[in-house]
Amino acid sequence: MAYGFGGFGGGNMQQLMRQAQKMQEDMKRIREEIDNTEYTSSVGGGMVEVVMLGNKTMKKISIKPQVVDPDDVEMLEDLVVSAVNECLNKIAEDERNKLPNIGM
């Protein structure tokens with residue numbers, strides 16, 4: 001009498017393992033692609049611009065001189081925070097769209 005394992009014997013198990021390995025390779029490739037992609041956000045009519053990599057490393061921040069007001073530092077701080085958060089949101093959206101099955 002032969003005992004089966006719910007259809008996961010022999011060839012089926014090897015096929016599942018190959019599929020799992022391919023999925024891991026695909027996710028790694030996509031993760032690397034996202035990590036190396038530049039994401040840019042611009043706020044305040046272009047007064048503050050942030051460039052980040054998908055691995056959440058800030059690459060560049062540009063601030064136009066017109067927005068630097070010593071009497072209103074809070075506005076500049078708010079613009080910087082807004083630009084950084086916008087970049088982070090773009091990265092997260094890309095992760096959700098490209099890596100939907102890994103819970104990122």
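This note walks through a predicted model of a single chain, point by point.

1. **Overall layout.** Let me start with the fold as a whole. The chain holds two helices and three strands, and their order from the N terminus is α-β-β-β-α. Among contacts between residues at least 6 apart in sequence, 44% join residues that are at least 24 apart.

2. **Surface and burial.** The accessible surface of the chain is about 7,500 Å², and carbon and sulfur atoms account for 54% of that area. Of the 104 residues in the chain, 20% are buried.

3. **The nonpolar core.** The largest nonpolar core has 15 residues, and the members that touch the most others are Val48, Val50 and Met52. Two or more residues each come from helix H1 (10–35), strand E1 (38–43), strand E2 (48–53) and helix H2 (73–98). H2 is the top contributor, giving six residues to this core.

4. **Met52 and its neighbours.** Met52 is a good residue to click on next. Leaving aside residues up to four places away in sequence, Met52 touches Thr37, Glu38 and Tyr39, then Thr57, Met58 and Lys59, and also Val84, Cys87, Leu88 and Ile91. Two of these neighbours, Glu38 and Lys59, come back in point 7 as a salt-bridge pair.

5. **Ser41, a polar residue under cover.** Is Ser41 buried or exposed? Ser41 counts as buried because its relative accessibility is 0%, with the cut-off for buried set at under 20%. Ser41 sits in strand E1, and its side chain reaches the backbone oxygen of Ala83 at 2.5 Å. Beyond residues up to four places away in sequence, Ser41 touches Val48, Glu49 and Val50, along with Ala83, Glu86, Cys87 and Lys90. Val48 and Val50 will be familiar from the core in point 3.

6. **Glu95 and Arg31.** Now to the charged residues, where the count comes to eight salt bridges. In one of them the side chains of Glu95 and Arg31 meet, at 2.8 Å from N to O. This pair links distant parts of the chain, with Glu95 in helix H2 and Arg31 in helix H1, 64 residues apart. Both partners are buried: Glu95 has a relative accessibility of 6%, and Arg31 has 19%. The value for Arg31 falls within the buried class because that class takes in anything under 20%.

7. **Glu38 and Lys59.** Another salt bridge brings together the side chains of Glu38 and Lys59, at 2.3 Å from N to O. Glu38 is in strand E1 and Lys59 in strand E3, so this pair ties together parts of the chain that are 21 residues apart in sequence. Glu38 is partly exposed at 43% relative accessibility, whereas Lys59 is exposed, with a relative accessible area of 52%.

8. **Glu95 again, with Lys56.** Glu95 also forms a salt bridge with Lys56, and here the closest N and O atoms are 3.3 Å apart. Helix H2 carries Glu95, while Lys56 lies in the loop between E2 and E3, 39 residues away, so to speak of distant parts of the chain being linked is fair. Which residues make up the network of salt bridges that includes this pair? The members are Arg31, Asp35, Lys56 and Glu95.

9. **The backbone at Lys56.** Lys56 deserves a second look for its backbone. Although Lys56 is not a glycine, its phi is positive, at about 70°. The residue is placed in the loop between E2 and E3, and its relative accessible area of 44% makes it partly exposed.

10. **A nonpolar patch on the surface.** Finally, the outside of the model. Met58, Ile61, Ile63 and Val68 make a nonpolar surface patch of about 320 Å². Ile61 belongs to strand E3, which covers residues 58–63. With a relative accessibility of 37%, Ile61 counts as partly exposed. Met58, another member of the patch, is also one of the residues that Met52 touches.

Methods. Residues numbered from 1 in each chain as written. Predicted model: local features only at pLDDT ≥ 70, side-chain atom pairs only at ≥ 80, totals over all residues. Heavy atoms only, no water. Core = buried A, V, L, I, M, F, W, Y, C linked by side-chain atoms within 4.5 Å. Buried < 20%, exposed > 50% of the residue type's maximum accessible area, 1.4 Å probe, protein only. Helix = DSSP H or I, 4+ residues; strand = E, 2+ residues; numbered from the N terminus. Contact = heavy atoms within 4.5 Å. Polar contact = N/O pair within 3.5 Å; in protein donor to acceptor, adjacent residues only side chain to side chain. Patch = residues over 30% accessible without salt bridge, like charges linked within 9 Å, V, L, I, M, F, W, Y side chains within 5 Å. Areas by Shrake-Rupley, 256 points an atom, 1.4 Å probe, with all protein chains shown as cover. Salt bridge = Lys/Arg side-chain N within 4 Å of Asp/Glu carboxyl O.
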